[in-house]
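Colleague: Thanks for opening this model with me. Could we walk through it together?

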Amino acid sequence: MQAMAKKQEKSKKDAKTEVETEATGMNCIFCKILDGIIPARKFYEDDTAIAFLDINPASPGHSLVVPRHHFKTIADGTQEIIAGTFVAVKNVAELVKTRMNCDGLNIMVNQGRDAGQVIEHFHVHVVPRYKGDNIHIIPPDRKMSDEKLDEILDKLK
Ligand code: AMP
Ligand code: ZN
């Protein structure tokens, strides 16, 4: 009888693991960091997101804000999680700015492979900028005619 109860308990546990695995990203590095399976230099956490240092930083203090839920794009996250993630971004940006004493920050999301998204778990880069650091994150301006700009505006309205 006891063995039976143990078996049922085990199969409940297995089922839970399956559900949890489905809810997170299988083989997702950031899910593994969130689950504590792989280490990260974490320095911030709240109910919605965590932040840790990027392992290949564009500049000293380059951090990633990562929601606790696995989803790929801004469209895939609930409004509540996206809002919470950006509250975390604000907190992390202020913390990094103060502690790293940088002159500015680039705060950005790469979405989609063509936009440079490598890790398919939504995340926000917080990149400290230092006067004269010679980092080129913002693409160069291109000239566009008024007609073309108006055509694009019509698409967006
Ligand atoms: P993205 O190109 O926007 O998907 O950015 C992914 C970022 O994650 C890159 O800047 C990587 O350097 C960073 N990264 C990848 N693996 C790790 C890791 N294990 N710990 C911290 N940062 C990582
Ligand atoms: Zn993930």
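**Around the ligand and into the sheet**

Modeller: Happily! Ligand 1 is surrounded by Ile29, Ala40, Asp54, Ile55, Asn56, Leu64, Asn110, Gly116, Gln117, Val118 and Ile119, where near means a C-beta atom, placed from the backbone, within 6 Å. This is a predicted model: local features need pLDDT of at least 70 and side-chain atom pairs pLDDT 80 or more, while totals for chains, interfaces and linings use all residues. Residues are numbered from 1 along each chain as its sequence is written, with chains lettered from A and ligands numbered from 1 in the order in which they are written.

Colleague: How many residues of the shell around ligand 1 are charged?

Modeller: Ala, Val, Leu, Ile, Met, Phe, Trp, Tyr, Cys and Pro count as nonpolar, Asp, Glu, Lys and Arg as charged, and the others, Gly among them, as polar. The shell divides into six nonpolar residues, four polar and, as charged, one.

Colleague: Leu64 is in that shell; which residue in E5 stands opposite Leu64?

Modeller: Strands (E) are DSSP runs of at least two residues, numbered from the N terminus, and two strands pair if DSSP finds at least two bridges between them. E3 (residues 63-67) and E5 run antiparallel, joined by three bridges. Opposite Leu64 stands His125.

Colleague: Which residues of E3 point the other way from Ser63, Val65 and Pro67?

Modeller: In a regular strand, side chains alternate between the two faces of the sheet. All five E3 residues are buried, meaning 20 or more other C-beta atoms, placed from the backbone, lie within 10 Å of their own. Pointing the other way are Leu64 and Val66.

Methods:
Helices (H or I, at least four residues) and strands (E, at least two) are DSSP runs, numbered from the N terminus. A residue is buried if 20 or more other C-beta atoms lie within 10 Å of its own, exposed if 12 or fewer, and partly exposed in between; C-beta atoms are placed from the backbone.
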